[in-house]
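Please open the model in your viewer and keep the sequence panel beside it. The tour goes from one selection to the next and says at each stop what is there.

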Amino acid sequence: TDAIQEMNRYSTTRIVADDPALAELKVNGMFRSGHQTRFTEALEEYFPIEARREGNVIVLKMSQPG
């Protein structure tokens, strides 16, 4: 959630964590401020996360085991 807050400081597109389990994940890396789509794509690639865009908001939640 700290990484999400930092990314949201520099963009009009908001990232919202819609799952309390996201707060337990540790994110390490360098991301360009304001590049919300690339940041969320990286999260989806490395974690069991789904990102859904709703207008100017990207909603993140943990993926359901399949």
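Begin by selecting Arg52, which has its place in strand β2; bear in mind throughout that the model is predicted. With a relative accessible area of 37%, Arg52 is partly exposed, the class that lies between under 20% for buried and over 50% for exposed. If neighbours within four places in sequence are left aside, the residues in contact with Arg52 are Val57, Ile58 and Val59. Now add Ile15 to the selection: Arg52 and Ile15 are 37 residues apart in sequence, while their C-alpha atoms are 9.8 Å apart in space.

From there, move to strand β1 and select Arg14, which lies in that strand. Arg14 counts as partly exposed, at 33% relative accessibility. Show what surrounds Arg14 and, once its neighbours within four places in sequence are set aside, you will find it in contact with Asn8, Arg9, Asn56, Val57 and Ile58. Val57 and Ile58 are thus among the contacts of Arg14, and they are also among those of Arg52. A distance drawn from Arg14 to Glu54, 40 residues away along the chain, gives a C-alpha separation of 9.9 Å.

Next, zoom out and colour the chain by secondary structure, which brings up two helices and three strands. Followed from the N terminus on, these elements run in the order α-β-α-β-β. The radius of gyration of the chain is 11 Å, close to the 11 Å that the globule rule gives for 66 residues, so the chain is as compact as a globular protein of that length. Turned along its principal axes, the C-alpha trace spans about 35 × 25 × 20 Å. Among contacts between residues at least 6 apart in sequence, 48% join residues at least 24 apart.

Which residues of α2 are buried? Select Gln36, Phe39, Thr40, Ala42 and Leu43, which are the buried residues in this helix. Looking down the helix axis, you can see that they cover an arc of only 155°, which puts them on the same side of α2. An α-helix has 3.6 residues a turn, so residues three or four places apart point the same way. To see what lies over these buried residues, display α1 (2-8), β1 (14-17), β2 and β3 (57-62), which are included in their cover.

Leave α2 (36-46) towards β2 (49-54) and stop at Pro48, whose place is in the loop between the two. Pro48 has a relative accessible area of 47% and is partly exposed. Apart from neighbours within four places in sequence, Pro48 is in contact with Lys61, Met62 and Ser63. Val59 makes a useful second pick here, since Pro48 and Val59 are 11 residues apart in sequence and 14 Å apart in space, C-alpha to C-alpha.

The last single residue on the tour is Ala23, found in the loop between β1 and α2. Ala23 counts as partly exposed, with 39% relative accessibility. Measuring in the viewer from Ala23 to Ile4, 19 residues apart in sequence, should give 9.9 Å between the C-alpha atoms.

To finish, turn on the surface of the whole chain, which exposes about 4700 Å², with carbon and sulfur atoms supplying 49% of it. Buried residues make up 27% of the 66 residues. Colouring by charge then picks out 8 positive and 10 negative side chains, and the centres of the two sets lie 6 Å apart.

Methods. Residues are numbered from 1 along each chain as its sequence is written. This is a predicted model: local features need pLDDT of at least 70, side-chain atom pairs count only at pLDDT 80 or more; totals for chains, interfaces and linings use all residues. Side-chain values use heavy atoms; hydrogens and water are left out. Helices (H or I, at least four residues) and strands (E, at least two) are DSSP runs, numbered from the N terminus. The radius of gyration is taken over C-alpha atoms; the globule rule is 2.2 Å times the number of residues to the power 0.38. Buried means under 20% relative accessible area, exposed over 50%, partly exposed in between (1.4 Å probe, protein chains only). Contact means heavy atoms within 4.5 Å. Accessible areas come from the Shrake-Rupley method with a 1.4 Å probe; for residues, only the protein chains shown count as cover. Lys and Arg count as positive and Asp and Glu as negative; His and the chain ends are not counted. The place of a charge is taken as NZ of Lys, CZ of Arg, CG of Asp or CD of Glu. The arc is that of the directions from the helix axis to the C-beta atoms.
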